[in-house]
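Q: I am new to this structure and would like a close look at one part of it. Please take the helix packing and the residues around it, step by step.

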Amino acid sequence: MYKKQMTAQKFLCMAAIIVSAMFFLYTLGIMTDLYDSLYDTMRNPNNVTQTDVPGSIVYYNMQEFNRMFLMYSIGQILLGLLLYITNTHSRRRYYIGNYVATGLFVAGGLYNAWFAHTYIEIFKAQFLQVDFAALKEHAEMWGTLYTESTFWFDLHYLVFALLLIVCVLLVVNAVWKVQLMKDEAKLIGEGRRIAG
C-alpha cells in the first residue's frame, strides 16, 4: 500500500509545480488581447479617460490587479517548490514540515482561486461594456487587433479548476499518509507485544 501512496505522492508534487507554472503563464497571457486591442485607443497617456473607444479604460483598470496576480503566481510556484524542499515528494513518513508545506500550498491555491475568480469576473464585466462598434472602427483605421472574445477571462476556470483539484488531492494524500503511518505503528506495536 505504501508503494501506491508514494507513487501518488510523487505525481502530486510534480502536478503542483505544473499547475503553478500554468498559473504563472496565465498571468502573463491574460492582458495580451487587451493590450493589442485597447492600448492604442487611449491617445493621451496622461489622461486615460480620453479614448477613441468608450470602455477601453478596463485595460488600465486591470494593471494593478495583474501586477498582484503575477506576484501571487510566483508565490504559488515557490509553495510548490517548498513541497520538494521538505521532501514531501519522497518521504516515506511525513514530519511537521511536510504537513506545513502541504497546508501552505493548499491555502495558497484556495486563496489564489478565490482572488482570481472574484477580480477576473469584475474585469470581464467591464470588458463587455466596451463599445465594440467603436473598437472595430478603430481597429480597421489603425490596423490593431479587434476582438470581442472573453477567452483569456474564461480560461481562469480551467487553470484554477486544475489548481483546486491538485489541492484537494494533496489533502487526500496527506490523510492517506497519516492512515498508513498509524497502521504501520499499530503493526509494529503488535509485533513487539508478540515478540515480548
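A: What follows goes through two helix pairs, then the cysteines, then one leucine.

The model is a predicted one. Two packed helices are described by the angle between their axes and the distance between the axes. Helix α1 covers residues 2-29 and helix α3 covers residues 58-85. Their axes lie 9 Å apart, and the packing angle is about 165°. An angle over 145 degrees counts as roughly antiparallel, so α1 and α3 are roughly antiparallel to each other. The crossing of these two helices, α1 and α3, is left-handed.

On the α1 side, the contact is made by K10, C13, M14, A16, I17, S20, A21, F23, F24, Y26, T27 and L28. On the α3 side, the residues are N66, F69, L70, Y72, S73, I74, Q76, I77, G80, L81, L83 and Y84. Sorted by class, the contact of α1 with α3 has 17 nonpolar, 6 polar and 1 charged residues.

Helix α3 also packs with helix α4, which spans residues 96-127. The axes of α3 and α4 come within 10 Å and cross at roughly 165°. That angle makes α3 roughly antiparallel to α4. The crossing of α3 and α4 is left-handed. By class, the contact of α3 with α4 has 19 nonpolar residues, 8 polar residues and no charged residues.

Among the α1 residues in the contact with α3 is a cysteine, C13. A disulfide is a covalent bond between the sulfur atoms of two cysteines. A search of the whole structure finds 0 disulfides. C13 is in no disulfide, and the nearest cysteine sulfur, that of C167, is 12 Å away. The cut-off for a disulfide is a pair of cysteine sulfur atoms within 2.5 Å. With a relative accessible area of 1%, C13 is buried. C167 is likewise in no disulfide, its nearest cysteine sulfur being that of C13 at 12 Å. C167 has 2% relative accessibility and therefore counts as buried, since buried means under 20% relative accessible area.

The last residue to look at is L38, which lies in helix α2, residues 32-38. Its relative accessibility is 0%, so L38 counts as buried. Leaving aside residues up to four places away in sequence, L38 touches D33, S56, V58, Y59, F127, V130 and L135. Of these, V58 and Y59 fall within the residue range of α3, and F127 within that of α4. F69, one of the α3 residues in the contact with α1, is 31 residues from L38 in sequence and 20 Å from L38 in space, C-alpha to C-alpha.

Note on methods: Residues numbered from 1 in each chain as written. Predicted model: local features only at pLDDT ≥ 70, side-chain atom pairs only at ≥ 80, totals over all residues. Heavy atoms only, no water. Axes fitted to C-alpha atoms, helices over the stretch in contact; angles between N-to-C directions. Helix = DSSP H or I, 4+ residues; strand = E, 2+ residues; numbered from the N terminus. Parallel < 35°, antiparallel > 145°, perpendicular 65-115°, else oblique. Left-handed = near helix turned anticlockwise from the far one by under 90°. Contact = heavy atoms within 4.5 Å. Nonpolar A, V, L, I, M, F, W, Y, C, P; charged D, E, K, R; others polar. Buried < 20%, exposed > 50% of the residue type's maximum accessible area, 1.4 Å probe, protein only.
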